[in-house]
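Work through the following exercises with the sequence and the model open beside you. Try each task before reading its solution.

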Amino acid sequence: MKDPFIPVILGTARPGRRSQVVAHHVFDTIRRRGLVSELVDVADYHMNGTGRESTTTSLRHFGEVIDAADGLVLVAPEYNHGYPGELKMLLDSQYEAYARKPVGFVSVSAGLLGGARMVEQLRLVAVALRMVPVSPAVHVSKVGDALNETGSFSSPSLQAVLDDMVDEVERFARALTPARIPVA
Ligand SMILES: Cc1cc2nc3c(=O)[nH]c(=O)nc-3n(C[C@H](O)[C@H](O)[C@H](O)COP(=O)(O)O)c2cc1C
């Protein structure tokens, strides 16, 4: 198999979002391991509703990314105990191309629980898309203190969980390749 392509989706478009720096760190971590990745920013997609946007080019690009992906990592904050609506709309713009691809989760929160409640909801969405959610999840609590001046996690144990999650996504990306139905 070629090196797995594992895009990272940043799932909030909120001006001033702190999840952005976390998504960059996750993206860097994946690339440092020699995997191919792309940082997909939900803010680049101008949707007027599910599957609707002012131009169709960008959603077409998102479809190409999902088609080509061997697995995904979703990075999103917890908003009112759920996931951001714009992430759900972007995910809902595609369907078949997710099937039998692993997905890992990174949640971001200013509070102590690190967005864990959001991840449990997002897992159910991933299952509906026929994705394979991996067990280790990264919960970034107190995001204001979680990254150092170089943009890396300050906590070695948080980095260890991220490495473990990426390991699992890579392992399942390779293992599930024969199980995937080619998308026409
Ligand atoms: C609309 C909204 C709802 C939020 N709900 C929660 C929440 O349920 N739990 C939580 O820990 N933080 C919540 N927060 C605070 C976020 O944890 C905080 O904004 C953090 O920086 C991550 O979000 P960001 O990427 O938008 O900055 C909420 C923030 C917004 C803007």
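**Exercise 1.** Find which backbone atom the side chain of R180 reaches, and decide whether R180 is buried or exposed.

*Solution.* In this predicted model, the side chain of R180 comes to 3.1 Å from the backbone oxygen of A173. To place R180 along the chain, look at the segment that follows α6, a helix covering residues 156–175. The final step is the accessibility: R180 has a relative accessible area of 16%, and because buried means under 20%, R180 counts as buried.

**Exercise 2.** Locate S155, classify its accessibility, and list the contacts that its side chain makes.

*Solution.* Begin with the position, which is the loop between α5 (143–146) and α6. The relative accessibility of S155 is 27%, and since the partly exposed class runs between 20% and 50%, S155 belongs to that class. Turning to contacts, the side chain of S155 makes a polar contact of 3.0 Å with the side chain of S157, and it also reaches the backbone nitrogen of L158 at 3.0 Å. As a last step, relate S155 to D145: the two are 10 residues apart in sequence, while their C-alpha atoms are 9.7 Å apart in space.

**Exercise 3.** Describe the surroundings of the ligand, starting from the residues around it and ending with how much of its area the protein covers.

*Solution.* The ligand is surrounded by 14 residues, and the closest are R14, S19, Y79, N80 and S109. Sorted by class, this shell holds 5 nonpolar, 4 polar and 5 charged residues. Next, go through the distances to ligand oxygen atoms: a side-chain N or O atom of R14 is 2.6 Å from one oxygen atom of the ligand, and a side-chain N or O atom of Y79 is 2.4 Å from an oxygen atom of the ligand. H81, by contrast, is represented by its backbone, with an N or O atom that lies 2.9 Å from an oxygen atom of the ligand. Finally, of the 590 Å² of accessible area that the ligand has on its own, the protein covers 74%.

**Exercise 4.** Check the length of helix α4 against its number of residues, and then work out where its buried residues sit around the axis.

*Solution.* Helix α4 takes in residues 116–128, and its 13 residues, at 1.5 Å a residue, should span 18 Å. The C-alpha atoms at its ends are 19 Å apart, which agrees with that expectation. The buried residues of α4 are M118, V119, L122, R123, V125 and A126. Seen down the axis of α4, these buried residues fall within an arc of 165 degrees, so they line one face of the helix.

Now carry the reasoning over to helix α3 (residues 85–92), where L87, L90 and L91 are the buried residues. They cover an arc of only 100 degrees around the axis, and therefore lie on the same side of α3.

**Exercise 5.** State the phi values of R100 and K142, and give the loop in which each is found.

*Solution.* R100 is not a glycine, yet its phi is positive, at about 65 degrees. R100 is found in the loop between α3 and β6 (102–108), and with 26% relative accessibility it counts as partly exposed. K142, also a residue other than glycine, has a positive phi near 45 degrees. Its place is the loop between β8 (138–140) and α5, and at 42% relative accessibility K142 counts as partly exposed.

Note on methods. Residues numbered from 1 in each chain as written. Predicted model: local features only at pLDDT ≥ 70, side-chain atom pairs only at ≥ 80, totals over all residues. Heavy atoms only, no water. Near = heavy atom within 4 Å. Polar contact = N/O pair within 3.5 Å; in protein donor to acceptor, adjacent residues only side chain to side chain. Areas by Shrake-Rupley, 256 points an atom, 1.4 Å probe, with all protein chains shown as cover. Nonpolar A, V, L, I, M, F, W, Y, C, P; charged D, E, K, R; others polar. Helix = DSSP H or I, 4+ residues; strand = E, 2+ residues; numbered from the N terminus. Expected span 1.5 Å × (residues − 1). Buried < 20%, exposed > 50% of the residue type's maximum accessible area, 1.4 Å probe, protein only. Arc of directions from axis to C-beta.
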